[in-house]
Amino acid sequence: MDSLLHIPGAFLIILFSFNLNSIRAVDVPFNQNFEILYGQDHTQLLDDDHEIRISIDEHTGSGFHSKTKHGSGFFSMRVKLPKKDTTGLITTFYIISDNGNTRDEVDFEFLGNKKTPYVLHTNVIMDGNINRTQGIKLWFDPTAELHEYKLLWNRHQVVLFVDDTPVRVFQNNEKIGVPYPTKPMHIVCTIWNATWASYGKPVNWSQGPFDALYHGFGVDGCPSESIDPEECYTSQYYWNEEQYWSLNSTQQDAYKNVRKNHMAYDYCKQNPQPPECLINS
């Protein structure tokens, strides 16, 4: 159902309909689809195992990932980001094939700061190429309550959504030589620290420990390890249907508004421009 979201001092974002609210993975306990990746003692299951709190201090961070790799999907996670001075901290929700130099990966990375707005750093990585980053200044306080982040991945496009608003689109342009993520990928959520996210400024550990809350452990994904990988692109999975091959006109308007009013940085501004940027422009 279409609705309007008012953003004070900015603009009205027109929310669109992929009929996202009517097609959604069933809410299930954490352990059905996920397991702790690291920092076991820095995690806490809540709400009858339907939420998890992960934390970081000066000793370690923490994270979890899906038990299964997926070959396509429409993944979602509701996240509440850590409060206080989070300079140098990164809270994530992403998919990744492995940790090697030829990995495929699609990222939501929330870069901490001591002031608003929170910056959402996104990247689409193919065969280890990490040079396709964009940053969006979020138009709300993501530390105040849970917000929903979605990642659509099919053979035609990758789209990242914030509360049903598209903030990043990467289309499949293999026909002009642009690589596209195709490797089976785990869903991963972590909290960690890195100086690149704060231009070299260290984390203020006196503000910690820092907590992030995650909810929503149902998975709309094709389990690539148990079937022929080509089946992950068939119409038996709703996210492969034609309506998910591109944004409709309402979605395109919402996406243009985000890029115009909230873009912090964009790899397409580099010179020379990558081929997909020339097409999109």
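**Exercise 1. Determine which backbone oxygen the side chain of N172 reaches, and describe the setting of N172.**

Step 1. In this predicted model, where local features need pLDDT of at least 70, side-chain atom pairs count only at pLDDT 80 or more, and totals for chains, interfaces and linings use all residues, the side chain of N172 reaches the backbone oxygen of R155 at 2.7 Å. A polar contact is a pair of N or O atoms within 3.5 Å, where within protein one atom must be able to donate a hydrogen and the other to accept it, and residues adjacent in sequence count only if both atoms are side-chain atoms. Residues are numbered from 1 along each chain as its sequence is written, and side-chain values use heavy atoms, with hydrogens and water left out.

Step 2. Leaving aside residues up to four places away in sequence, N172 touches R155, H156, Q157 and Y180, contact meaning heavy atoms within 4.5 Å.

Step 3. N172 lies in the loop between β14 and β15; helices (H or I, at least four residues) and strands (E, at least two) are DSSP runs, numbered from the N terminus. N172 counts as buried because its relative accessibility is 18%, given that buried means under 20% relative accessible area, exposed over 50%, and partly exposed in between (1.4 Å probe, protein chains only).

**Exercise 2. Locate D163 and Y199, which have a positive phi although neither is a glycine, and state how accessible each one is.**

Step 1. D163 has a phi of about 45° and sits in the loop between β13 (157-162) and β14 (165-171). With a relative accessible area of 24%, D163 is partly exposed.

Step 2. Y199 has a phi of about 55° and belongs to the loop between β15 and β16. Its relative accessible area is 79%, so Y199 is exposed.

**Exercise 3. Find where the cis peptide bonds before P117 and P209 are placed.**

Step 1. The bond from T116 to P117 is cis, with omega near 0°, and P117 lies in the loop between β9 (105-111) and β10 (119-125).

Step 2. The bond that joins G208 and P209 is also cis, with omega about 0°, and P209 is found in the loop between β15 (186-193) and β16 (210-215).

**Exercise 4. Give the strand order of the open sheet of 8 strands, and name the helix that packs on this sheet.**

Step 1. The order is β3-β6-β15-β8-β9-β10-β11-β18, with antiparallel pairing, where two strands pair if DSSP finds at least two bridges between them. The edge strands, each pairing on one side only, are β3 (34-38) and β18 (263-266).

Step 2. Neighbouring strands of this sheet are turned by 15° against each other on average, direction ignored; axes are lines fitted to C-alpha atoms, for helices over the stretch in contact, and angles run from 0 to 180 degrees between N-to-C directions.

Step 3. Strand β6 (residues 62-66) runs antiparallel to β15 and is joined to β15 by 4 bridges; F64 has C189 of β15 as its bridge partner. Helix α2 (residues 249-262) packs on the sheet, where it touches β11 (133-137) and β18, and its direction makes about 90° with that of β18.
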